[in-house]
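Open the model in your viewer and set it to a cartoon view. The stops below are meant to be selected in order.

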Amino acid sequence: MTQDYILRWIGNWFWPGNIAKYWFSAYDRTDIMAQTFADNLYDVHMSGSDLRKGRDLTIGEIGKDRPYLILNSTNATAEHDMFGQSFTFTQEDFNRCLDSDINEYSIARAVMASASFPAAFNSMTLLNYKNHDNEPHYIHVFDGGNVDNLGLKSVERIFNTMEQKGIDYKTVVVILVDAYTDAAGIHETLADPRSGLDFFVDSNFIDATDSLLAANRDKIISDFVTKFESLKDSSKSLFYHLKFADVEDEKLNNRLNRIATSFNIKDESVADIDKAVERLLTPQNPCLISIKQLLETNQHDGNSICHYSH
């Protein structure tokens with residue numbers, strides 16, 4: 001995300017074809033950003049052709065030797081059993097909800113659906129191929145953070161499915177890379193917290209959203225820890241929650257905490273993230289030591305819930 005995708009997205013608004021589609025079809029801001037990702041991040045150049053032309057990569061083209069990818073989104077479809085539920089870009093949910101093959105679906109569109117933050121972006125629309133008496137139906141999804149910003153519910157679904165099918169595991173390692181930053185809030189010394197924009201639209205809705213997401217995050221982590229601790233053999237399972245708060249350097253920690261959620265990360269923020277990684281992922285990290293032991297011997301000596309300590 002060191003490239004400025006926001007600027008490229010804005011530029012793509014002014015392509016004549018996009019202007020026409022935006023105003024006279026269902027093509028929206030989210031579709032434009034998805035195509036921006038496809039053109040700059042998730043595509044492959046056609047052999048022997050103009051380098052400006054390429055083909056969007058699909059989920060089916062993800063290498064089979066790579067980790068299984070699960071992208072979360074929140075279902076916004078007005079159905080009693082769908083609205084507010086998690087929709088994952090997996091073959092399981094494509095079968096269950098869409099009767100469709102995920103292998104042909106664009107990686108860029110799946111990523112954008114997972115990141116379609118309300119107000120800034122529209123919901124992503126997916127065609128539902130289930131039989132509806134020849135009348136087209138759709139599934140609408142938006143930012144996965146509303147229902148599961150950490151991806152832990154998807155992992156928990158895997159555990160539940162394994163239990164239901166009687167599938168045993170050899171070892172389980174869950175590493176949660178958590179880029180959570182504290183909500184900004186209003187400073188205690190301000191009598192009037194309004195900015196110029198607040199005289200027209202009060203920005204406190206952002207604080208309201210942040211507080212709800214923070215509470216949801218805490219509950220998701222707590223529920224997952226409870227589930228993980230219930231696994232039958234703690235010596236064969238390990239959960240490591242890697243987070244910015246583990247960095248002891250107060251100045252670096254403060255800078256990390258000010259990194260905005262954006263499609264454009266500044267160079268100095270990238271440098272701070274690299275510094276944090278260097279300080280956390282060391283040979284002395286007890287969680288990494290336990291993970292290595294587990295992978296080499298199929299068991300470890302520590303707790304199944306591992307906390308970083310210096």
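The tour goes from the domains to a sheet, its helices and a pair of strands.

Keep in mind throughout that this is a predicted model.

**Domains.** Colour residues 5-142 as domain 1, then 168-183 together with 199-307 as domain 2, following the domain assignment. The centres of the two domains, taken over C-alpha atoms, are 27 Å apart.

**A three-stranded sheet.** Select strands E7, E8 and E9, which form an open sheet in that order with parallel pairing. E7 (172-178) and E9 (305-306) are the edge strands; each has a single partner strand, so one side of each has no neighbour in the sheet. Now show E7 with E8, residues 237-243: the two run parallel and are joined by seven bridges. For a point to look at on this pair, pick Val174, which stands opposite Phe239 in E8.

**Helices on the sheet.** Which strands does helix H11 touch? Select residues 286-297: H11 packs on the sheet and touches E7, E8 and E9, and its direction makes about 150 degrees with that of E8. Next add helix H7, residues 152-165, which lies across E7 and E8 and runs at about 165 degrees to E7.

**A strand with two faces.** Move to strand E5, residues 124-128, and show its side chains. Met124, Leu126 and Asn128 point to one face and are buried, whereas Thr125 and Leu127 point to the other and are not buried. In a regular strand, side chains alternate between the two faces of the sheet.

**The partner of E5.** Finally, add strand E6 (residues 137-143), which runs antiparallel to E5 and is joined to E5 by five bridges. Here Thr125 stands opposite His140 in E6.

Technical notes:
Residues numbered from 1 in each chain as written. Predicted model: local features only at pLDDT ≥ 70, side-chain atom pairs only at ≥ 80, totals over all residues. Heavy atoms only, no water. Domains from an automatic or database assignment. Pairing = 2+ DSSP bridges. Helix = DSSP H or I, 4+ residues; strand = E, 2+ residues; numbered from the N terminus. Contact = heavy atoms within 4.5 Å. Axes fitted to C-alpha atoms, helices over the stretch in contact; angles between N-to-C directions. Buried < 20%, exposed > 50% of the residue type's maximum accessible area, 1.4 Å probe, protein only.
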